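Got the model open? Let's go through some of the labels it carries and ask what earns them.

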Amino acid sequence: MESHALQIQDSAISGAVKKSRGPLLTPGARCALPVIVLLLLGFAAPLTAVIAYSFAEPHSFNVFSSFSFANYAEIFNTENTVWMSFLWSLSLAAVTVLMLSVIAYPIAYGMVYVFGRWSGLVSTLFVFPLFISENVRLYGWVLFFIKNGVFDGTLNLLGGADAPEVLYSPGIILFGMIYTYLPYMLFPLVLGLSLLPRDVVDAAKDLGASRYQVWREIELPLAMPGFMIGLLLTFVLAVGAIAESKVLGGQSVIVLTHDIEVSFTYAQNWPLGSALAVLITLITGGLTLFMLFKLDLDRVLGRK
Amino acid sequence: MNQEQAALRTRTLLWVWTLFVIFVVYLPVFCSALASLTKSRYFLFPIRKWSFDWWDKTMASIEVSTLVKTSLMLAGSVTVLATIIGFFGALAFARYNWKGRSLFQKVVLLPIFFPQPVLGLALLLWFNALGLPLSWHTAVIAHLVWIAPVITLVIAIQVYGFDPVVEEAAFDLGASRFQVMKEVTLPMLWPGIWSGMLFAFLLSWGNFPLSLYTSGADSTVPKWLFTKMIAGYTPMVPTLGTMSTLGAALVLSIGGVAVILARRRSN
Amino acid sequence: MSETALMGVSRQKLLLDLVGVRKTFDGFNAVERIDLSVMEGEFFTIVGPSGSGKTTLLRMLAGMDQPSEGAIYLRGESLNDMPANKRPTCLVFQSLALFPHMTVGQNIEFALKMRKIAPAARKERALELMRVVRLPETYYSKNVMKCSGGEKQRVALARAFTYDPEILLFDEPLSALDYKLRKTLEKELKDLHRETGKTFIYITHSLEEAMVMSDRIGVMRDGRLVQVGTPEEIYTKPSDKFVSEFMGEVNIVRVRPDGSGRYKSEDLAGSFTVNAPASTDGYVVIRPEFLRFLALPSDADNCLTGRVHNEYSLGSRVQYQVRVGERMFLVEQPRRQSFGGGDVTIGWDAADAIFVAE
């Protein structure tokens, strides 16, 4: 609705430009050009190359000159271990997402409704870790949990008991993923909850809704766009996670990205790695596109 | 009173939970800082002998200074390029109403909703296939693919709050397209651009998965730390990690103040 | 009309009683010790400029804010401990606060759903209310965000009525509508009040709106109730300068006793007769329609000489701006010939003016 007014004034300016320079792209398209070129060369092209390689003969570099499904067959061959990494990555990601929604929701709620002038500080404290590389933060946990580390040392000081061995296990990988991706769940949730007008919640209470009813009937459905973005973002990032298993897990679990890395580097089996990357791309890309086409980005991001 | 008590209880629980999570978030950062302050070669807690030895050694190390230089050049180039690309991208995203806008908005988000290690590996294959030698230059491209969309979003949020009618007014008062941009659009968007630059620098500085696969023989701080974590622990690992964290905190506070000042001025 | 309303009210029972209600936000007193009684079935309107604390007062009645001090009693029982979802009050918000993700029907039925009423009964009640607020039945499954402003208004009204609250609270619900629609809905609200017999507490910044609908009006300023009375009382006997100014465009002359039983003004020549014992300083308030052009100065109790500065058509009447010395006076009279630029004499009778003590 509002866009009509914009469109009119837009064409006014572009019209004036056209007079002097002849018919070029519209101003919007011209502004989009640098991003589009970057994404064509740095995103679309590599993914196309990966797709092409995934159909090449295994262990070859014969892209475009051969065509085979052998790489895909190999992934789902139960005699190999590749399908297990697939399963690990997907299930770790799913559990991460579930745990994160429970952990982050109360914080997001507090930041929107309760913390008032402190919520700026709280959000800065949650943003900052994004600027520390994940391996540095994860390594801190190694120093915490390792034998004679901070945890063990503290327990020894207090009662003499030894800390349980938690490093190099699937559990700690999950913990690391939850830890790393917390902000990616938190901020979309904050965004979603802040789209919810306070009056609407008050009105629901006034009409007799209990706290749980307000949450189920009003808060959750209206904060859904933000919640969906958070779920999607954390899931997608967690499916491709690798640092957690390398730094904390001591490779007790081989994740999907690790298999791709091995194929692209030591094993020099580009086609197999490509096939794996294609599958990851299909999962994440499919979910992302599905979600993006359901969301009204202008509403979520600010035009309302 | 009951009602107020219930509200108070909720409030208290929310605070306790949030502060607990913040504590957990910063616990490993704190552990790294502790490990950097020990005198011994291996980390034992409680620390028997405290010292700044490893800080001195890290500062003096030529290897580390090369790393920092590479990381800075990488982050600097990414900041400049991502801000320029992101600024125009944000205008296309939120300001102009053009035919492909809705599609463009979705396309821009795709690299953000994509696992970075997989993106790094795809770029590794792509650069290899093209025969490009890997160095921090190729890492700039890799970082841009992820960071430029993020910056586009950061600036777009500022652009949403900007009423394009003022541009029209300036145009009507006789300003040229260039003058409109310089006198009206840019000054009004400065706070967003500043935040964008800050984000671009910090995200590039702290990035690990993209640098890991696309910088070839050049090593950045996170990448070097990773190789040492996997094989060959030295207390320089937590030391350099802590230094890097403190550096980011310093940049964030200086940048944050700059953004606040810019915002105040533009209001 | 207002006399019968007043008699009706006085026969009825006390419903709400506010005793020393006060609300403080971070050291700022939004509402200052208000004492007020509202009768059963009354249409009570609170008027005041923005920031006068009227919304805060209403939110305390609804149970969304708690008084910092004092108590609200419903038929003698304190409401202070009762949360909004348990109170027999329902608030119609200024923003309407419709649930954007629901249909018209779902919005109206919300309160019943919360009370676990069966779907069929809910629908029946919703359709009944839609008839009352004149919404077509086909709107039942329409997305509420696709309704027009007036329709949304009706949905919000119907939603408030569903569970039969005793007291309906209105927070300037008509302020966003255009003039014509507002007038229509004012009348409909008044009808609805009469038909349902419920207690309405309504807030607005427009005294005109308050006059049309209310049994009694309370004027608020800076968190205090300045005057409470019937529309008639507020109109004819404003308690102070603020209330009289709030009534709309009026002429106000600051006067003090001249010692001989009359009043004089500092910036106007002559002295004035005022319907009050000339003992205190104060203001004479003259409505524009009570000022008239005089052929002879003796045609009215008081007169002034000036020049017509400007005139505005009000349809059948004309509002003249008359400059007297340094001051402007508003005179509202039926349309007549123009004055041609010479001096004019304007005047009023003492009985038509109101004196408010300082």
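Q: What makes Gly232(B) worth a look, just after H10(B)?
A: Its backbone: in this predicted model, Gly232(B) takes a positive phi of about 95° right after the helix.

Q: Why is helix H10 of chain B called mostly covered?
A: Count the residues. H10(B) spans residues 221-230, and 7 of its 10 residues are buried. A residue gets that label if 20 or more other C-beta atoms lie within 10 Å of its own, so those 7 clear the cut-off and the helix counts as mostly covered.

Q: Which residues of H10(B) are the buried ones?
A: The set is Val221(B), Pro222(B), Lys223(B), Trp224(B), Leu225(B), Phe226(B) and Met229(B). Yes, a lysine is in there: Lys223(B) is buried too.

Q: How do you know what kind of secondary structure chain B has?
A: The tally gives 11 helices and 0 strands. Read from the N terminus, every element in the run is α.

Q: What about chain C, how many helices and strands there?
A: Chain C has 9 helices and 20 strands. Of its 358 residues, 37% count as buried, while in chain B buried residues make up 49% of 267.

Q: What are the box dimensions for the C-alpha atoms of chain B?
A: Roughly 75 × 70 × 30 Å along the principal axes. For chain C, the box is roughly 75 × 45 × 40 Å.

Q: What makes residues count as part of the contact between chains A and B?
A: Two residues are in contact if their C-beta atoms lie within 7 Å, so that cut-off decides who is in: 83 residues from chain B and 79 residues from chain A. Helix H1 (residues 2-36) of chain B brings the largest share of the chain B side, 14 residues.

Q: How many residues of each class are on that side of chain B?
A: It has 64 nonpolar, 14 polar and 5 charged residues.

Q: Why is the set of 237 residues called a nonpolar core?
A: The label asks for buried residues of the nonpolar kinds listed for it, joined through C-beta atoms within 7 Å. The largest such set has 237 residues, and those with the most contacts inside it include Ala108(A), Leu144(B) and Leu169(C). Helix H8 (residues 170-194) of chain A gives the most, with 17 residues.

Q: Where is there a second, separate core?
A: Look at chain C: among the 20 residues of that core are Val285(C), Leu304(C), Ile346(C) and Ala353(C).

Methods:
Residues numbered from 1 in each chain as written. Chains lettered and ligands numbered in written order. Predicted model: local features only at pLDDT ≥ 70, side-chain atom pairs only at ≥ 80, totals over all residues. Helix = DSSP H or I, 4+ residues; strand = E, 2+ residues; numbered from the N terminus. Nonpolar A, V, L, I, M, F, W, Y, C, P; charged D, E, K, R; others polar. Buried ≥ 20, exposed ≤ 12 C-beta atoms within 10 Å, placed from the backbone.
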